[in-house]
Amino acid sequence: MGKYFGTDGFRGEANEVLTVEHAFKVGRYLGWYYGQDHKARVVIGKDTRRSSYMFEYALAAGLTASGANAYLLHVTTTPSVSYVARTEDFDCGIMISASHNPYYDNGIKVINGKGHKMEAEVEEKIEAYIDGKIPEIPLAKKEKIGRTVDYVAGRNRYIGYLISLATRSFEDKRIGLDCSNGSAFTIAKAVYDALGAKTYVINCEPDGTNINTNCGSTHIEILKKYVKDKKLDVGFAYDGDADRCIAVDENGEVVDGDLILYVCGKYLKENGRLNGDTIVTTIMSNLGLYKACDKAGLKYEKTAVGDKYVYENMVRNNFSLGGEQSGHIIFSKHATTGDGILTSLMIMEVMLEKKQSLSKLCEDVKIYPQLLKNVRVADKKTARENAEVTKAVDDVARALGDDGRILVRESGTEPVIRVMVEAATDELCEKYVNQVIDVIRAEGLIVG
């Protein structure tokens, strides 16, 4: 990770960590970088945060000042920016969003012309320019100054693309959508209505400050109650920029990313559409998923946490499906990034083709109780490699055997060690997590 750009872009509190000056300079550099031998074209989308408008204009100003043309999708989803960038000959795309973070945070995600997250070497050059380590780049003059273009048509084409992926009508299906007061509010209902569903929508009135607030994929209890109260067939919750999806079955039970990978992976394998009969997961996926995959003949890969690493593995091995427990699911035939609305459409395909409820499709997976606790330490590497801590972790692993697992890892962004245990009961999870944390404390490694 760089100084500003992490695994999911440049993110932080608006005008505290991420400022309009940063955004202007990102635009300035990208406009110049891609415009050295032609008129650069950059497409920009944003979520519903109040600060997204500020950053949109700052980025557009930077791009046009460097001679690039900026095409504005306005409020839209991260996967739509990826789709438009790769299908309409743009040099790159920019999404203004802090995903599932609170409204006062924001972020800049840069997407290359193939619809992938921007290469690290380009992000490093942007950082160097922000920090003044690259000489000032020239301003465009006269007719070379760029222009902004209203490009809502690009978003509409993406909506059409999603509709085209459905294999059947959704007529008579009662479907709940939690749009998180975010990017999905302009797209999700339009897609489901066009496909004939009886669509029930909540948290679809963004005001600039209510994105992700007690709603969406990070507050799934709201949709759980709604699905049960309305007696819906299924519900889908998206996050702020709609690149995640968490589902709720007809009984109000949560179907997270692990269960989605199982349901869709098993279905694709049965239809000969799962390359290598393999799904790509992260190390945080539940043990219950792996046990169910073993029974179903599904193979699996494990990557570091982050959909970036999932996608890298998928590209390297030509796999069809991968994702995270959090609901970032990638269907490589249709998209180059996690897409919450696309994911919900793929779940609907399985339900309709197999004529089964979502609860029935998930019944072979026994999700193990999981407990994760964060421990603030003076030095992550020292704490993780401490001999007594290592011994404590090994002791727990032996005690759990094949009926659980322990994972201790460093946070990628904070001075924190994450201790996670999966076991047969919540009590065992609590016991073994605390057992390791007690050793970390006894070794004098905890701060605060």
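This passage walks through a five-stranded sheet, the nonpolar cores, a helix pair and a few loop residues of a predicted model.

In this predicted model, local features need pLDDT of at least 70 and side-chain atom pairs count only at pLDDT 80 or more, while totals for chains, interfaces and linings use all residues. Residues are numbered from 1 along each chain as its sequence is written, and side-chain values use heavy atoms, with hydrogens and water left out.

A good place to begin is the sheet. Five strands form an open sheet with mixed pairing, in the order 9-8-10-11-12. Strands (E, at least two residues) and helices (H or I, at least four residues) are DSSP runs numbered from the N terminus, and two strands pair if DSSP finds at least two bridges between them. At the edges lie strand 9 (198-202) and strand 12 (254-255), each of which pairs on one side only. Strand 8 (residues 174-178) and strand 10 (residues 234-238) run parallel and are joined by four bridges; Leu177, for example, has Phe236 in strand 10 as its bridge partner. Helix 11 (residues 340-354) packs on the sheet, where it touches strand 8, strand 10 and strand 11 (245-248), contact meaning heavy atoms within 4.5 Å. The direction of helix 11 makes about 165° with that of strand 10; such angles run from 0 to 180 degrees between N-to-C directions, with axes fitted to C-alpha atoms, for helices over the stretch in contact.

The nonpolar cores come next. A nonpolar core is a set of buried Ala, Val, Leu, Ile, Met, Phe, Trp, Tyr and Cys residues joined through side-chain atoms within 4.5 Å. Buried here means under 20% relative accessible area, exposed over 50%, and partly exposed in between (1.4 Å probe, protein chains only). The largest core has 66 residues, and Tyr192, Phe236 and Tyr238 have the most contacts inside it. Helix 11 gives the most to this core, with nine residues. Beyond its neighbours within four places in sequence, Tyr192 is in contact with Phe170, Ile175, Leu177, Ala197, Thr199, Phe236, Tyr238, Ser344, Leu345 and Met348. Another core, of 32 residues, lies apart from the largest one and has Phe55, Leu72, Ile96 and Val122 among its members.

Further along the chain, helix 14 (residues 387-400) packs with helix 15 (residues 426-442) at an angle of about 165°, their axes being 9 Å apart. Helix 14 is therefore roughly antiparallel to helix 15, a label for angles over 145 degrees (under 35 is roughly parallel, 65 to 115 roughly perpendicular, and the rest oblique). On the helix 14 side, Glu388, Val389, Ala392, Val393, Val396, Ala399 and Leu400 meet Tyr432, Gln435, Val436, Val439 and Ile440 of helix 15.

Some loop residues also deserve a look. Most residues other than glycine have a negative phi. Asn15, in the loop between strand 2 (9-13) and helix 1 (20-34), has a positive phi of about 65° and is partly exposed, at 43% relative accessibility. Asn212, in the loop between strand 9 and helix 7 (221-230), likewise has a positive phi, near 65°, but counts as buried at 6% relative accessibility. Back beside the sheet, Asp243 sits in the loop between strand 10 and strand 11 and is buried, with a relative accessible area of 2%. Not counting residues up to four places away in sequence, Asp243 touches Pro79, Ser99, Lys109, Gly327, His328, Gly338, Asp339 and Gly340.
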